[in-house]
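Colleague: I am new to this one. Can we go through a few of its strands and helices together?

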Amino acid sequence: MQKRETSILVTGASGFIGQYFLDAIKNHFKVFALSRRLPTNAALTEHPNITWIQADISSPEAMEKAKETILSNGGVNFILHLAGYYDFNYDLNPEYYRTNVVGTRNVLEIAKELDIERFIFASSVAACNFPAKGEKLSEKSPPDAEFEYARTKKKGEELTGEYSRYFKTTVTRFAAAFSDWCEYGPLYIFLKTWFSRSWKSRVLGGRGEAAITYIHVNCLIDLLLKVIKKSRVLPAFDIYSVSPEKPVTHNELFRSATKYFYGASRKPFHMPKPVSFVGVVIMDFIGRLIGKRPFEKPWMIQYIDKQLHIDTKYTREMLGWSPTNRYGLQRRLLYMIEHMKSYPYEWEKRNLKAFKYIPMNPNYKIYHALEELRDIVVDDIRDYILDETRREEFNSYHELDRTVLRKDILIVYQFLSVSVRSKDRVSALAYARQIAQLRYEQNFNPMEVVEAFNVTGEIIRKHLNKHPGLKGMERAIYDEISLTFQLMADEIEGTFENISREKSSLLNNN
């Protein structure tokens with residue numbers, strides 16, 4: 001096997017950091033992008049330098065197939081392991097171990113047979129306990145925080161170190177990563193709350209001095225590229241902090257954000273820690289009862305007024321890297337808020353995607369399940385309609401090219417997703433009238449089109465009812481999916497009738 005160009009395998013490639021990283025390198029590297037689900041970003045999925053591999057890293061069989069695909073296409077020089085599981089519930093979810101430990105071991109195992117130059121593991125500064133007052137974390141600080149995510153990231157770091165006897169490895173500990181669209185869950189919640197009419201819009205816990213470090217995704221990518229560029233002179237195993245040294249407090253965030261949004265900074269109300277604890281416990285208890293837990297969780301109270309300072313001297317010296325000042329969080333808040341005001345749909349969509357593990361309203365849960373299942377369901381619908389046993393029922397559809405039909409089904413699916421997310425069926429019904437016009441011109445039988453839409457809705461509903469994240473939501477799925485397709489089918493039938501009536505009237509007049 002001969003590698004003719006610099007190539008890289010990126011796991012978790014459809015995630016927040018993964019997609020930004022791919023966009024930055026796609027014109028310069030040969031990329032194998034591995035993901036449990038494929039992205040919706042056409043600029044990435046269709047790029048000639050990117051080969052997508054759909055696989056679950058926790059499955060040895062899937063990773064073995066991925067390895068064979070990579071080997072048969074020239075191999076890779078580097079592996080960037082971004083795939084991981086995290087949520088803000090802090091429950092003992094088995095997904096942590098399955099993805100963050102088993103998955104990491106599986107990726108490291110295939111790396112042994114890919115003859116790579118370096119393996120780069122994405123860890124987090126959140127895996128380390130907050131330092132004592134006046135002290136700082138460093139690259140040598142142990143990942144000793146006592147919650148499941150931290151424990152599994154610690155194991156991932158240990159595995160990365162163990163495998164350095166086979167190939168060079170690097171651990172990169174990320175600060176809280178964000179973009180100009182936000183895309184960092186807690187910050188998204190802060191902004192939504194502070195700009196709302198909620199009673200919580202001015203409330204900050206404790207003295208408002210809780211602080212962590214934030215890193216812009218562009219600065220994060222710059223560090224990863226430095227590791228790749230300097231790989232041959234870097235140690236066989238090392239740890240780097242992908243973070244600024246100074247954290248940003250809630251007070252500082254609140255003042256900057258409200259100034260940009262309202263034109264003048266607002267004064268926050270500081271709620272004492274004991275009162276905050278009682279309030280959060282009560283809200284969480286009520287949320288559990290009604291099946292809609294708030295973002296604020298009791299475990300968060302321990303971090304009120306604590307600060308995460310980091311000494312990144314070693315990283316700066318080894319890599320010649322430091323965060324760019326203009327990408328500092330307080331300066332980028334202006335861009336976030338401008339995007340939020342100018343492109344509210346895109347802003348919400350990006351942030352909900354990045355915040356996928358947070359409990360949300362039923363329509364958002366269904367929306368995210370639709371996004372996750374899209375390719376599987378669309379193929380299922382196409383295969384059902386084109387089954388030879390249903391040729392008589394869907395004869396006109398059998399005359400269409402399979403690729404064209406799949407694209408048509410995908411468009412219907414996308415309109416459904418929009419209507420579910422926005423709880424507004426106007427665009428879906430408008431599209432139903434548009435497709436009815438097209439099918440009339442193509443000489444489709446109206447009842448054939450109506451039945452195709454009925455089948456589409458039924459197949460989507462069945463897939464959603466089986467989705468583990470939508471248990472107990474059958475009624476909501478019926479309301480969001482079945483009723484939408486019933487209305488679309490009625491619009492199609494009505495449009496066919498109106499067109500026929502108008503044409504008949506014109507003929508009679510002539």
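Modeller: Start with a term: two strands pair if DSSP finds at least two bridges between them. Keep in mind that this is a predicted model.

Colleague: Which residue of β2 stands opposite V10?

Modeller: Five bridges join β1, where V10 sits, to strand β2, residues 30-35. The two strands run parallel. Opposite V10 in β2 stands A33.

Colleague: Which residue in β4 is the bridge partner of L9?

Modeller: β1 also pairs with strand β4, residues 78-81. That pairing is parallel and has four bridges. In β4, the partner of L9 is I79.

Colleague: Is β1 largely enclosed or not, and how many of its residues are buried?

Modeller: Strand β1 covers residues 7-11. S7, L9 and T11 point one way, I8 and V10 the other, and all are buried. β1 is therefore largely enclosed by the rest of the structure, and its buried residues number five of the five.

Colleague: What handedness does the β-α-β unit of β1, α1 and β2 have?

Modeller: Helix α1 spans residues 16-25. With β1 and β2 it makes a β-α-β unit. That unit is right-handed.

Colleague: How is α8 oriented to α11: roughly parallel, or oblique?

Modeller: Helix α8 is residues 250-262 and helix α11 is residues 329-342. Their axes are 9 Å apart, at an angle of about 40°. Angles under 35 degrees would count as roughly parallel. So α8 is, relative to α11, oblique.

Colleague: Which residues of α8 make the contact?

Modeller: The crossing of α8 and α11 is right-handed. On the α11 side, the contact includes L333, L334 and I337. On the α8 side, it is made by E252, L253, S256, A257, Y260 and F261.

Note on methods. Residues are numbered from 1 along each chain as its sequence is written. This is a predicted model: local features need pLDDT of at least 70, side-chain atom pairs count only at pLDDT 80 or more; totals for chains, interfaces and linings use all residues. Side-chain values use heavy atoms; hydrogens and water are left out. Buried means under 20% relative accessible area, exposed over 50%, partly exposed in between (1.4 Å probe, protein chains only). A crossover is right-handed if, with the strands pointing away from the viewer, the path from the first strand over the helix to the second runs clockwise. Axes are lines fitted to C-alpha atoms, for helices over the stretch in contact, and angles run from 0 to 180 degrees between N-to-C directions. Angles under 35 degrees count as roughly parallel, over 145 as roughly antiparallel, 65 to 115 as roughly perpendicular and the rest as oblique. A crossing is left-handed if the near helix is turned anticlockwise from the far one by less than a right angle, and right-handed if clockwise. Contact means heavy atoms within 4.5 Å.
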